[in-house]
Amino acid sequence: MGGQSDTGRDGLMTMKLSICEFPDEVARKAQAWDGVVKHAAGERADVVVLPEMPFCEWIFVGDAVDVGQWRDAVARHDEMIGRFDELASPWVMSSRPVEHEGRRLNEAFLWSKASGYRAIRHKWY
């Protein structure tokens with residue numbers, strides 16, 4: 001798997017995870033990303049777990065989500081997922097906004113250096 005994965009004496013595989021939080025404010029996200037990249041390089045985690053929809057402000061308040069804000073959030077996530085190779089980790093887990101068949105969804109995903117992006121589950125907004 002890469003990173004620090006190892007098989008212990010009991011025969012079970014162990015993994016090293018890096019779990020982080022991101023600020024809600026877009027202006028602070030670049031610095032947060034740089035910190036995650038630096039941390040992942042130093043820790044050599046097998047999996048980096050990012051928070052729910054980490055690359056946009058939290059726009060999910062009230063009964064309706066502004067379509068323009070939603071599409072901006074989709075674009076920000078597209079851009080940042082394209083930068084996952086910067087992480088010194090073979091796997092990344094998080095969620096991101098997507099539009100599918102006219103529905104706005106929060107899509108949990110698993111990304112790997114070997115096979116790329118794979119959707120895992122959806123919930124709707």
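Me: What makes the contact between Glu 25 and Arg 28 a salt bridge?
Reply: In this predicted model, their side chains meet at 2.8 Å, N to O. The cut-off is 4 Å between a side-chain nitrogen of Lys or Arg and a carboxyl oxygen of Asp or Glu. The pair of Glu 25 and Arg 28 therefore qualifies.

Me: Are Glu 25 and Arg 28 buried, partly exposed or exposed, and how do you know?
Reply: Glu 25 has a relative accessible area of 38%. Arg 28 has 48%. Buried means under 20% and exposed over 50%. Both values lie in between, so Glu 25 and Arg 28 are partly exposed.

Me: What makes Arg 96 and Asp 78 a salt bridge?
Reply: Their closest N and O atoms are 2.6 Å apart. That is within 4 Å, so the pair counts. Arg 96 lies in strand β5 (residues 91-100) and Asp 78 in helix α2, so the bridge ties together parts 18 residues apart in sequence.

Me: Why is Arg 96 called buried?
Reply: Its relative accessibility is 7%. The limit for buried is under 20%, so Arg 96 meets it. Asp 78, its partner, is partly exposed at 44%.

Me: How do you know that Lys 16 and Glu 43 form a salt bridge?
Reply: The closest N and O atoms are 2.9 Å apart. The limit is 4 Å, so this pair is a salt bridge. It links distant parts of the chain: Lys 16 sits in the loop between β2 and β3 (17-19), Glu 43 in helix α1, 27 residues apart. Lys 16 is partly exposed at 29%, and Glu 43 is partly exposed at 31%.

Me: How many salt bridges are there by this rule?
Reply: The count is eight.

Me: How do you know that the span of α1 fits its number of residues?
Reply: α1 (residues 29-43) has 15 residues and reaches 21 Å from its first C-alpha to its last. The expected span at 1.5 Å a residue is 21 Å, and the helix is close to that.

Me: What puts the buried residues of α1 on the same side?
Reply: Lys 29, Ala 32, Trp 33, Val 36, Val 37 and Ala 40 are buried. They cover an arc of only 140° around the axis, so they share one side of α1. An α-helix has 3.6 residues a turn, so residues three or four places apart point the same way. The buried residues pack against β4 (47-49) and α2 (67-81).

Me: Which exposed residues lie on the face of α1 turned away from its buried side?
Reply: Ala 30, Gln 31, Lys 38 and Gly 42.

Note on methods: Residues are numbered from 1 along each chain as its sequence is written. This is a predicted model: local features need pLDDT of at least 70, side-chain atom pairs count only at pLDDT 80 or more; totals for chains, interfaces and linings use all residues. Side-chain values use heavy atoms; hydrogens and water are left out. Helices (H or I, at least four residues) and strands (E, at least two) are DSSP runs, numbered from the N terminus. The expected span of a helix is 1.5 Å times one less than its number of residues. Buried means under 20% relative accessible area, exposed over 50%, partly exposed in between (1.4 Å probe, protein chains only). The arc is that of the directions from the helix axis to the C-beta atoms. Contact means heavy atoms within 4.5 Å.
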